[in-house]
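Welcome! Please take a moment to look over the sequence and the 3D structure below before reading on.

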Amino acid sequence: MDSGYGAIEDQLMGGVGASPGVAIGPVVSVVVESVELTDIANPIEAIGASATRVSAKLKQLSEQTRNAGRDEAADVLQAQSLMAEDPMIPDSVSEQLDAGLAPADAFDTAAAGLSALLASLPDPYLAARAADIGEVMQAIKRDLAGVDSEGLTITEPSILIAHELTAAETAGLDADLVLGFATETGGATSHVAIIARSLGVPAVVGVSNLLETGPSFACLDGASGAFAADPSDHVKAVFEASAAARASLQLRLDEVRGMSATFGDTPIAVPANIAGGGDIAKAVEEQSDGVGLYRTEFLFLDVPKPPTEEQQFDEYKLAAESWTDTVVIRTFDIGGDKPAEYLNMDPEENPFLGIRGVRIYDKFPELIDGQIRAALRASAFGDISLMIPMVATVEEFLGVKQRVIDQRTKLDSENVATGDIKLGVMVEVPSVALNAHCFAEHVDFFSIGTNDLTQYTMAADRMLGSLAGLHDPLHPSVIRLCEMVAEAGNAKGIQTSVCGLAAEDPLAAIIFASVGITKLSVSANSVNLIKATLQAQDASIADEVRKVIDTAESAREVRQQLGPHVVNA
Ligand code: PEP
Ligand code: MG
């Protein structure tokens, strides 16, 4: 939990921060009445009719949400709308009715069964749909019982507390009246959290015994997960101070929005990481310096077949036209934790050490050549660079470089316009950092993926929460590798950037800038925090950083010794 609340920790109910912001106010409890269902005469038809109504309502809500520019939330609702029409819903309920269960129990048992089935699937996208099926089936059950499920009506600015909120209920909240909400269920990545963030409503999830405690007044902090029920004046004052600090940070962020950041005299570009066209609007709003990492594999995942060259061209052109700054497109990084079923790859014991990123390309030449062609064509409409993930050897990089040359030659012969395109390497495997001086002879830029570079340097699976202490990009060994890359790049006049998650940690950003990195690509939400942090420093901190990196034995020491020197944004 945020150290700002350490002194009052014993007066808080622990929760998980789901959507940032502080809310202080009277509480309205959302109590869901249980639904009575009488006998269903023709279950398949009756459930089907309810499912169609629920699907239509979800579709309408999804469209309203999309029109309001909240694409991520709209996608969740659209997926639920499609799911509501799936015939497996009436089939499985009617199976339970045939087995002799009462109608309401038949619904609950069928929902639990389908949800468990989805949760057990190896495909992470489908497994994540387990919560959706429960929500959709509850909505169908309520419709069948004739219960209105619209109704979270509140009349004065309040904090909502509930056992759980569905995606549809959350999307339908009136952001002018709901100061914030807290739920007993849910996690930081649940749909409720995603939608709350898109609405800008502060939220804390996973607060046990919330309804049983039944507060009439509450304070919550959706960044740290702090929740106080019926707070004392002192506790309330701590939340008010936190809200004030947040507001003053917001002012600083507004000041630097659109500015070119510098660290001392050195300009540092702060572009955004995006995963598709849906992320462009937010990054443009934050005035990111272009895109430092376009994770294109998301166009290839959770779809029955890969996107065509034409579809990719449209996507990349849209990104290229959205900025005058460079948009760095990463060729697809499929494999590891991101499998694509249609490739029918053999299962591997250690997918992170297996056929991933660049290692796939020679197996699927049409796929990579199609992507390169799409990027080359889009480069006629803006400033596009390409970079290659999971490279370990110079040969792998040169193999892709040759593909780019070949595809350009073909496009030229077809009289298709292309622009200049720079080709860089991602530094994710330590061998590239250690051999950076050789790569510098061939690449146009380096981009360090600290998520994987840390995983491979520390031999610590990035997905394993229990190894989070070891998977720390501020370990001096990881920083030293970053410094080696920047030195090799600077010696040749080649830019080095960091596009891993570490770049959005203010302390890490200062360390990277201090060792010669001049581009930090971060999520759109962090662009201005990182710009403000860079602006706030005295560049003499770079000497201090280098001293600490030369002597520190652990990431903890790096934090302890450098933390106090970093000026808060
Ligand atoms: C990284 O490894 O740091 C990176 C940016 O790539 P990804 O997180 O997509 O593997
Ligand atoms: Mg990576």
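This briefing goes from the whole chain to ligand 1 and then to a pocket.

Keep in mind that you are looking at a predicted model. The chain has 569 residues, and its radius of gyration is 26 Å. Its secondary structure comes to 23 helices and 19 strands.

**The chain as a whole**

- A compact globule with 569 residues would have a radius of gyration near 25 Å, so the 26 Å of this chain agrees with that expectation.
- If you draw a box along the principal axes, the C-alpha atoms fill roughly 75 × 60 × 40 Å.

**Who surrounds ligand 1?**

- There are 15 residues around ligand 1, and those that come nearest are Arg295, Arg330, Gly449, Asn451 and Arg462.
- Sorted by class, this shell holds eight charged, four polar and three nonpolar residues.

**Polar contacts and burial of ligand 1**

- Arg462 has a polar side-chain atom 2.8 Å from an oxygen atom of ligand 1.
- For Lys338, an N or O atom of the side chain is 3.3 Å from an oxygen atom of the ligand.
- Arg356 also takes part, with a polar side-chain atom 3.4 Å from a ligand oxygen.
- How much of ligand 1 does the protein bury? Taken alone, the ligand exposes 290 Å², and the protein buries 99% of that.
- Two elements each give two or more residues to the shell around ligand 1: strand 12 (291-295) and helix 18 (450-458).
- Helix 18 gives the most, with three residues.

**The second largest pocket**

- This pocket has a volume of about 310 Å³.
- Which residues lie nearest its centre? They are Thr326, Val328, Ser385, Gln495 and Lys519, out of 19 residues that line the pocket.
- Strand 16 (445-448) and strand 17 (495-498) are the elements that give two or more residues to the lining.
- By class, the lining of this pocket has eight polar, six charged and five nonpolar residues.

Methods:
Residues numbered from 1 in each chain as written. Chains lettered and ligands numbered in written order. Predicted model: local features only at pLDDT ≥ 70, side-chain atom pairs only at ≥ 80, totals over all residues. Heavy atoms only, no water. Near = heavy atom within 4 Å. Polar contact = N/O pair within 3.5 Å; in protein donor to acceptor, adjacent residues only side chain to side chain. Areas by Shrake-Rupley, 256 points an atom, 1.4 Å probe, with all protein chains shown as cover. Helix = DSSP H or I, 4+ residues; strand = E, 2+ residues; numbered from the N terminus. Nonpolar A, V, L, I, M, F, W, Y, C, P; charged D, E, K, R; others polar. 1 Å grid on protein atoms, 1.4 Å probe; cavity = no way out; pocket = protein on both sides within 12 Å on 5 of 7 lines; lining within 4 Å. Points joined across faces, edges and corners; volume = space filled by probe spheres on them. Rg over C-alpha atoms; globule rule 2.2 N^0.38 Å.
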